[in-house]
Amino acid sequence: MAAEISDRVREIAEARGLPESEVFERALERGLEDLWEDVVIAQYLDGELDREEAIEYVGRTKVERADRERAVVEDDVDWGLNA
């Protein structure tokens, strides 16, 4: 696994003309951003964070998507329980 990651980092660095350290830095930033968004949305859906705060942290689009996805799951559960 570590060798595969090193190979990928090297290929990305060569393709982008960047030092490998910058590729690692960008990957870390992207990964942290994704993890942060996951935490915020989870807190919002669990009622630990209000809608406006969630929008402030991750943007309206992501919160609206989470709302739509939750509604779809709830509809599926309702259908399954009443079928």
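The following is a conversation between a trainee and a mentor about a predicted model of a protein.

Trainee: Before we begin, what pLDDT do local features need in this predicted model?

Mentor: Residues are numbered from 1 along each chain as its sequence is written, and side-chain values use heavy atoms, with hydrogens and water left out. In this predicted model, totals for chains, interfaces and linings use all residues, side-chain atom pairs count only at pLDDT 80 or more, and local features need a pLDDT of at least 70.

Trainee: How many helices and strands does the secondary structure come to, and in what order do the elements run?

Mentor: Helices (H or I, at least four residues) and strands (E, at least two) are DSSP runs, numbered from the N terminus. On that basis the protein has 4 helices and 0 strands. Read from the N terminus on, the order of the elements is α-α-α-α.

Trainee: Is the protein compact or more spread out than a compact globule?

Mentor: The radius of gyration is taken over C-alpha atoms, and the globule rule is 2.2 Å times the number of residues to the power 0.38. The C-alpha atoms fill a box of roughly 55 × 30 × 20 Å along the principal axes. For 83 residues the globule rule gives 12 Å, whereas the radius of gyration is 19 Å, well over that value, so the protein is more spread out than a compact globule.

Trainee: What share of the 83 residues is buried?

Mentor: A residue is called buried when its relative accessible area is under 20%, exposed when it is over 50%, and partly exposed in between (1.4 Å probe, protein chains only). Ile55 in helix 3 counts as buried because its relative accessibility is 12%. Ala66 in helix 4 is also buried, with a relative accessible area of 6%. Over the 83 residues of the protein, the buried share is 17%.

Trainee: How far apart in space are the C-alpha atoms of Ala66 and Arg10?

Mentor: A similar pair is Ile55 and Pro19, which are 36 residues apart along the chain and have C-alpha atoms separated by 35 Å. Ala66 and Arg10 are 56 residues apart in sequence, and their C-alpha separation is 36 Å.

Trainee: And how far apart in space are Glu33 and Val58, C-alpha to C-alpha?

Mentor: Glu33 belongs to helix 2 and counts as partly exposed, because its relative accessibility is 39%. Glu33 and Val58 are 25 residues apart in sequence, and from C-alpha to C-alpha the distance is 9.4 Å.

Trainee: How many salt bridges does the count come to?

Mentor: Side chains of opposite charge can pair when their charged atoms come close. The rule used here asks for a side-chain nitrogen of Lys or Arg within 4 Å of a carboxyl oxygen of Asp or Glu. By this rule the count is 7.

Trainee: Which residue meets Arg26 in a salt bridge?

Mentor: Arg26 is partly exposed, with a relative accessible area of 43%. Its partner, at 27% relative accessibility, is partly exposed as well. The two lie 4 residues apart in helix 2 (residues 20–45), which means they are separated by about one helical turn. The N to O distance is 2.8 Å, and the partner is Glu22.

Trainee: Which residue meets Arg65 in a salt bridge?

Mentor: Arg65 is exposed at 51% relative accessibility, while the partner is partly exposed, with a relative accessible area of 42%. Both are in helix 4 and 4 residues apart, so about one helical turn separates them. The side chains meet at 2.8 Å, N to O, and the partner is Glu69.

Trainee: Which residues are linked with Arg51 in a network of salt bridges?

Mentor: Arg51 forms a salt bridge with Asp67, with the closest N and O atoms 3.0 Å apart. This pair links distant parts of the chain, as Arg51 is in helix 3 and Asp67 is in helix 4 (residues 60–82), 16 residues apart. Arg51 itself is partly exposed at 30% relative accessibility. The residues linked with Arg51 in the network are Asp67 and Arg70.
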